[in-house]
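Trainee: Before we begin, could you take me through this model slowly and show how each word is justified?

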Amino acid sequence: MNWTKRFPAIILSALLTGFLPCSITMTATAQAVKNKTPNVILIMADDLGYGDLSCYGATKLRTPYLDQLAAGGIRFTNAHSTSSTCTPSRYALMTGQYPWRRSGTGILPGDAALIVPTDRITLPKVFKNAGYHTGIVGKWHLGLGTQVEKNWNGTISPGPNETGFDYSFIFPATADRVPTVFVENHRVIGLDTTDPILVDYAKKVGDEPTGLEHPELLKMQATPGHGHNQTIVNGIGRIGYMKGGKMARWTDEEMPLTFLEESRRFIRDHRSKPFFLVYNLTEPHVPRVPSTMFKGKSGLGYRGDAILQLDWSVGQILHALDAAGIRENTIIVFTSDNGPVLDDGYMDGAVSQLNGHTPWGALRGGKYSVLEAGTRVPFIVTWPAGAKKGVSDALICQVDLLASFSALLRQRVPAGEAADSESLLPALLGESSKGRNELVEQGSTYGFLQGDWKYIVPNNGPANTDPERTNIETGNSPLPQLYHLKKDPCEKDNLASQYPGKVKEMAEALEKIKNRQQGK
C-alpha cells in the first residue's frame, strides 16, 4: 500500500515533527554505544495472542514492523506473563512479585485505589535509581489514589509517578471502563471546572443514557451478559457509570494515536540522555474501534484491524528512534499482558470474521485460562548495539524484567523485595539458552512449569468461561493435570495417571513456592 498517496497528512506530520532519519544525529548514537548505557522501551500490547503476529506463525495477518523487530533481535517462544489477565500480570512486571501473593490484585475497576507499593522497589525505580528519565504512556490499570472515592477534578495521587515514573500520560484502567479520560501526571487533561467528573461502579450517577436503557444510541452493540451496557461514551456502552467531563473525554478512534504521539514526543525530548519508556498499547483490547485508516484493512473484523494499527504504531516508534539517531543503542522489549480473547463484551466481528486466523496459535486456552495460551505470549527483545539475534526457547517471564535490568544497570534490589524476579539477562541478550527452571502461572487455578513439565492444580470451576460468548477453555478440572510441554505444547495428553510420583513432586514444589515468605 502506498501510504504517501493515501495518507499524506501522516507523512506531513512526520516531516514537521522531525521524525525522519537524519544523518547528523549519528554522533549521538556513536557516543551512546560507546558509553553502553542503553535507552530502554518496553512496549506492552493488551490481549495480543501468541499466534496473532506473522513472526509467530500467523498467515491471515501480516505484521511487518514486528516481524522486522523479531528479525533484528531475539524472538522468544516460551515467554510468559505471570497471569492470564491484565492487572495481575502488570502488577508482577512492576513489582517483581507474583500477584497472588497480595490480595486485591485481580482485575480492577476504573475507580480502584493504587495497588503498587510506593515504598518498595519497582521496575521504573530501577531505572530512576540508575539516573534514567522514566515515563509511561498508555494503559495503566493498577489503580489511582488511596481509596475508591477520589476527586477526579483535582490532584489524583498516588499513581504512576509515585511508583517511579517521572512522567505519566495514561488512562486509568481499560478502554471499556469509565472514566474515559487522559490523566497526565496527577490531573485529568482538558477538564472543565464547570462540568466536574463523577464516577461510580455501584450505582448510576447523573442522567446520561446507558447502553442498557438506550441501545439505539450505540454504534457498537454490547454482547448480552457482559456488563458493557452502562454509561455511553462515544457511542459505546462502558463498564461503570460516569457523568461530567465531556470536554475531557477521548474518542476511541483518536485515543491510541494520542498515546503514540506522546511516546514519540518523549523520545524526542529525552534522546540526549538515557531514558526508560513504558508504552502500553490499548490494542487489541475491547472496545476495538481502530482509526479510520485501518478500518476494514485486515479482513478479520475490527480485532484484526486493531492488530494492524498496533503493528504500525510499533513502526512509528522505530522511525522515531531512527530520527533521533538512538535506535542502535536502544533496547526494545515487546510483549503482551496475557493471551487472546475474541468476544470480550462487544459484537465487533472478532468471532464472525475470524476467517481461519488462530490468535492462540496451536495452543489451548486464552485470556482467563491457566492453559498455555493464557500466559504464553509474544516476547521480542532487540538491542542492535548489544544483543544477538535469533530464536530462543528459554523459559522467561515478565516478572523477571526487574531483576534482569537491575543486573544490566548494576542496581541493588533491596533484600526481601522483588523476590520472585530472576535475572535472566544472558538469555535476554541472546548469550544463553538457559531460562527459568520453574514458573507459576495464574488463571482461575494455578499452573506450575518445572523444566519440560506442567502441572495444573485440580479445580472445580467451570471448564469453559462461557460457551455462548467468550468461549475459552479455562483449564479447570477436578483431576490433576500433567503435561510434557516439550512433546505436547498443546496440552492434549494428560499424563497425571501415568506419573503420580511426578504429580506429587510438583504439587509439593508448588506449595513451597506459594508458602515462601516475601517480606511485607
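**What surrounds helix 5**

Mentor: The buried residues of helix 5 are covered by elements that include strand 1 (39-45), helix 6 (123-129), strand 4 (133-139), strand 12 (275-280), helix 10 (401-409) and strand 17 (438-442). Helices (H or I, at least four residues) and strands (E, at least two) are DSSP runs, numbered from the N terminus. This is a predicted model, in which local features need pLDDT of at least 70 and side-chain atom pairs count only at pLDDT 80 or more, while totals for chains, interfaces and linings use all residues. Residues are numbered from 1 along each chain as its sequence is written, and side-chain values use heavy atoms, with hydrogens and water left out.

Trainee: What makes helix 5 largely enclosed by the rest of the structure?

Mentor: Buried means under 20% relative accessible area, exposed means over 50%, and partly exposed lies in between (1.4 Å probe, protein chains only). In helix 5, 10 of the 10 residues are buried, so the helix is largely enclosed by the rest of the structure. Among them are Arg 90, Tyr 91 and Leu 93.

Trainee: Why is Thr 85 called buried or exposed?

Mentor: Thr 85 has a relative accessible area of 13%, and therefore it counts as buried. Thr 85 sits in the loop between strand 3 (79-80) and helix 5 (86-95). Leaving aside neighbours within four places in sequence, Thr 85 is in contact (heavy atoms within 4.5 Å) with Ile 107, Asp 337, Asn 338 and Tyr 368.

Trainee: How many disulfides does a search of the whole structure find, and why is Cys 86 not bonded to Cys 397?

Mentor: The search of the whole structure finds 0 disulfides, a disulfide being a pair of cysteine sulfur atoms within 2.5 Å. The closest cysteine sulfur to that of Cys 86 belongs to Cys 397 and is 15 Å away, so it is too far for a bond. Cys 86 counts as buried because its relative accessibility is 2%, and Cys 397 counts as buried because its value is 3%.

Trainee: How do you know whether the chain is as compact as a globular protein of its length?

Mentor: The chain has 12 helices and 20 strands. Its radius of gyration is 22 Å, close to the 24 Å that the globule rule gives for 520 residues, so the chain is as compact as a globular protein of that length. The radius is taken over C-alpha atoms, and the rule is 2.2 Å times the number of residues to the power 0.38.
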